[in-house]
Amino acid sequence: SIDAFLRAIEADPERRGEWLPELADQLTWSGRPGEAVALYREAIETTTDPARERRARLGLALALSWDGDQSDALAEYDRLVAQDPGDLTARLGRARVLSWMDRQGDALAEYEAVLRDHPGNLEASRGIGRVQSWRGRHRVAASEMQDLLASHPHDRQATAILAESLDWMG
């Protein structure tokens, strides 16, 4: 579908700005986040629509994080959260990036805050388990994931975090 977007943009350059985030998403999810970064930035610079800008900034933050640029990714997530403190997607992305930056305490605080605002949020619950495990608190992580799996027995990510925690416990 990357080629389809490139052909569409070539055939109708007037719609380039509209299609750039879609093309950048395809690149990001195809393992080419570095190529997507410039397209997201172009989309941000050329739009006057706040919703399109937000969408492009979320994509940019994800692409930056997957490309290994955690500092710039965090800056994008911080910008999004500053604009809208209730932006769940940005808050979860921010927590994930903090964790990848080995700022586990900050990540844990963000995931816990998300869970307070959105009780039962699976991504935040999994994030807490992952962070606890990465902090060396494997028993706490295992317990958290067992609790999560009691209500969501087919959650593959929670199962993986539980298995990882149990493995690290020996």
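Which helix is the place of Trp 168? Trp 168 sits in helix α10, which covers residues 156–169. The legends below start with the whole chain, then zoom in on one site after another, and the model throughout is a predicted one.

**View 1. The whole chain: ten helices and nothing in the way of strands.**
The protein chain has 10 helices and 0 strands. Read from the N terminus, the elements go α-α-α-α-α-α-α-α-α-α. Lay the C-alpha trace along its principal axes and you get a span of about 55 × 30 × 30 Å. There are 170 residues in the protein chain, and 44% of them count as buried. On the outside, about 9,200 Å² is exposed, with carbon and sulfur atoms supplying 48% of that area. As for the contact map, take the contacts between residues at least 6 apart in sequence: 40% of these join residues at least 24 apart.

**View 2. The largest nonpolar core, seen around Leu 23.**
This core has 38 residues, and Leu 23, Tyr 77 and Tyr 111 are the ones with the most contacts inside it. Eight helices each put in at least two residues: α1 (2–11), α2 (16–29), α3 (33–46), α4 (50–66), α5 (70–83), α6 (88–100), α7 (104–117) and α8 (122–134). The top contributor is α4, with 7 residues. Zoom in on Leu 23 and, leaving aside residues up to four places away in sequence, you find it touching Ile 2, Phe 5, Leu 6, Ile 9 and Leu 39. For background, nonpolar side chains in soluble globular proteins tend to be buried together.

**View 3. A second core, separate from the first.**
This one has 7 residues, among them Leu 149, Ala 158, Ile 161 and Leu 162.

**View 4. Ser 165, a buried serine in α10.**
Is Ser 165 buried or exposed? Ser 165 has a relative accessible area of 0%, so it counts as buried. It belongs to helix α10. Not counting residues up to four places away in sequence, Ser 165 touches Ser 133, His 138, Ala 141 and Ala 142.

**View 5. Five tryptophans in a nonpolar surface patch.**
Trp 29, Trp 66, Trp 100, Trp 134 and Trp 168 make a nonpolar patch of about 600 Å² on the surface. Take Trp 168 in helix α10 as the example: its relative accessibility is 42%, so it counts as partly exposed.

**View 6. Glu 35 on α3, with Arg 32 and Ala 63.**
Glu 35 is found in helix α3. With a relative accessible area of 43%, Glu 35 is partly exposed. Its side chain meets that of Arg 32 in a polar contact of 2.9 Å. Ala 63 is 28 residues away from Glu 35 in sequence, while the C-alpha to C-alpha distance for this pair is 8.8 Å.

**View 7. Arg 15 and Glu 18, one of the salt bridges.**
Searching the whole structure turns up 16 salt bridges. In the one between Arg 15 and Glu 18, the closest N and O atoms are 2.6 Å apart. Arg 15 is partly exposed, at a relative accessible area of 32%, and Glu 18, at 32% relative accessibility, counts as partly exposed too.

**View 8. Arg 94 and Glu 110, a buried salt bridge.**
Here the side chains of Arg 94 and Glu 110 meet, with an N to O distance of 3.1 Å. Arg 94 lies in helix α6 and Glu 110 in helix α7, so the pair ties together parts that are 16 residues apart in sequence. Arg 94 and Glu 110 are both buried.

**View 9. Asp 106 with Arg 103, and the salt-bridge network.**
Asp 106 pairs with Arg 103 in a salt bridge, the closest N and O atoms being 3.0 Å apart. Asp 106 is partly exposed at a relative accessible area of 37%, and Arg 103 counts as partly exposed at 34% relative accessibility. Elsewhere, salt bridges with shared partners link Asp 78, Arg 91, Arg 94, Glu 110 and Asp 117 into one network.

**View 10. Asp 102, a positive phi in a loop.**
Where is the place of Asp 102? Look in the loop between α6 and α7. Phi of Asp 102 is near 65 degrees, a positive value in a residue other than glycine. Most residues other than glycine have a negative phi. Asp 102 is exposed, with a relative accessible area of 60%.

Notes
Residues are numbered from 1 along each chain as its sequence is written. This is a predicted model: local features need pLDDT of at least 70, side-chain atom pairs count only at pLDDT 80 or more; totals for chains, interfaces and linings use all residues. Side-chain values use heavy atoms; hydrogens and water are left out. A nonpolar core is a set of buried Ala, Val, Leu, Ile, Met, Phe, Trp, Tyr and Cys residues joined through side-chain atoms within 4.5 Å. Buried means under 20% relative accessible area, exposed over 50%, partly exposed in between (1.4 Å probe, protein chains only). Helices (H or I, at least four residues) and strands (E, at least two) are DSSP runs, numbered from the N terminus. Contact means heavy atoms within 4.5 Å. Patches are made of residues with over 30% relative accessible area and no salt bridge: like charges are joined within 9 Å, nonpolar side chains (Val, Leu, Ile, Met, Phe, Trp, Tyr) within 5 Å. Accessible areas come from the Shrake-Rupley method with a 1.4 Å probe; for residues, only the protein chains shown count as cover. A salt bridge is a side-chain nitrogen of Lys or Arg within 4 Å of a carboxyl oxygen of Asp or Glu. A polar contact is a pair of N or O atoms within 3.5 Å; within protein, one must be able to donate a hydrogen and the other to accept it, and residues adjacent in sequence count only if both atoms are side-chain atoms.
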